[in-house]
Amino acid sequence: QVQLVESGGGLVQAGDSLRLSCAASGRPFSTNAMGWFRQPPGKAREYVAAISMNGLYTDYADSVKGRFTISRDNAKSTMYLQMNSLKPEDTAIYYCAARAGDYSGSYYRTRVEYHFWGQGTQVTVSS
């Protein structure tokens with residue numbers, strides 16, 4: 001089992017920055033591939049970014065590429081999402097996800113590939 005807790009969301013203006021954190025507990029964090037997803041109001045949950053278990057490989061949705069940075073600190077069992085140049089269309093509930101026991105060193109882009117989810121943190125960007 002993996003427990004995930006997101007934090008760092010809030011209300012900001014367009015152009016501002018936020019850093020989300022995802023604290024993990026349970027099985028060893030370094031064996032989990034991790035990802036961020038978001039669910040805008042009235043829309044389906046969508047992929048944002050992913051990172052391999054060792055942090056060597058990262059991937060981003062086209063909509064956030066160049067503005068968001070995913071990272072992880074395995075010693076702190078925490079994953080981060082640095083969000084810069086925020087836009088109103090980034091408004092959503094942001095969820096972190098873990099794919100447990102992954103030793104492939106890969107990252108994953110789809111919801112079904114993840115085993116555990118956090119409760120989400122709200123990010124609202126005003127224009």
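## Briefing: strands, loops and ring contacts

S21 lies in strand β3, which covers residues 18–26. The model is a predicted one. β3 belongs to an open sheet of 4 strands in the order β1-β3-β8-β7, paired antiparallel. The points below take up that sheet, the positive phi values in its loops, a contact between A14 and S126, the surroundings of D59, and the aromatic residues.

**The four-stranded sheet**

- β1 (2–7) and β7 are the edge strands, and each of them pairs on one side only.
- From one strand to the next, the twist averages 15 degrees.
- β3 and β8 run antiparallel and are joined by 6 bridges.
- Within this pairing, C22 stands opposite M79 in β8.
- β7 and β8 also pair in the antiparallel sense, over 6 bridges.
- Here D73 stands opposite T78 in β8.
- Strands of a sheet pair through backbone hydrogen bonds, in either a parallel or an antiparallel arrangement.

**S21 in β3**

- S21 is buried, because its relative accessible area of 16% falls under the 20% limit.
- Not counting residues up to four places away in sequence, S21 touches V5, E6, S7, W36, T78, M79 and Y80.
- Among these contacts, V5, E6 and S7 fall in the range of β1 (2–7), while T78, M79 and Y80 fall in that of β8 (78–83).

**The two faces of β7**

- In a regular strand, side chains alternate between the two faces of the sheet.
- The covered face of β7 has F68, I70 and R72.
- The uncovered face of β7 has T69, S71 and D73.

**Loops with a positive phi**

- Most residues other than glycine have a negative phi.
- S77 is an exception in sign, with a positive phi near 50 degrees.
- S77 is found in the loop between β7 (68–73) and β8 (78–83).
- The hairpin of β7 and β8 has 4 residues between its strands, and S77 with its positive phi belongs to this hairpin.
- With a relative accessible area of 23%, S77 is partly exposed.
- S85 also has a positive phi, about 50 degrees, although S85 is not a glycine.
- The position of S85 is in the loop between β8 and β9 (92–99).
- S85 is partly exposed, at a relative accessible area of 42%.

**A14 and the segment around S126**

- A14 lies in the loop between β2 (10–13) and β3.
- At a relative accessible area of 41%, A14 is partly exposed.
- A14 and S126 are 112 residues apart along the chain, yet their C-alpha atoms are separated by 5.8 Å.
- Leaving out residues up to four places away in sequence, A14 touches L86, P88, V125, S126 and S127.

**D59 in β6**

- D59 is part of strand β6, residues 58–60.
- D59 counts as buried because its relative accessibility of 12% is under 20%.
- The side chains of D59 and Y47 make a polar contact at 2.6 Å.
- Apart from neighbours within four places in sequence, D59 is in contact with Y47, V48, A49, A50, Y107 and R109.

**Aromatic pairs and charges over rings**

- The whole structure holds 4 aromatic pairs.
- In one of them, the ring centres of Y114 and W117 are 6.2 Å apart and the planes stand at 65 degrees, so this pair is edge-to-face.
- Y114 counts as buried at 5% relative accessibility, whereas W117 counts as partly exposed at 26%.
- Y114 and W117 form one aromatic cluster together with F37 and Y47.
- Y47, a member of this cluster, is also the residue whose side chain makes the polar contact with the side chain of D59.
- R45 lies over the face of W117, 5.0 Å from the ring centre.
- A second charge is placed over a ring at Y108, where the charged end of R99 sits 4.4 Å from the centre.

Key: Residues are numbered from 1 along each chain as its sequence is written. This is a predicted model: local features need pLDDT of at least 70, side-chain atom pairs count only at pLDDT 80 or more; totals for chains, interfaces and linings use all residues. Side-chain values use heavy atoms; hydrogens and water are left out. Buried means under 20% relative accessible area, exposed over 50%, partly exposed in between (1.4 Å probe, protein chains only). A polar contact is a pair of N or O atoms within 3.5 Å; within protein, one must be able to donate a hydrogen and the other to accept it, and residues adjacent in sequence count only if both atoms are side-chain atoms. Contact means heavy atoms within 4.5 Å. Two strands pair if DSSP finds at least two bridges between them. Rings of Phe, Tyr and Trp (its six-membered ring) pair if their centres lie within 6.5 Å; planes under 30 degrees apart count as stacked, over 60 as edge-to-face and the rest as tilted. A charge sits over a ring if NZ of Lys or CZ of Arg is within 6 Å of the ring centre and within 35 degrees of the ring normal. Axes are lines fitted to C-alpha atoms, for helices over the stretch in contact, and angles run from 0 to 180 degrees between N-to-C directions.
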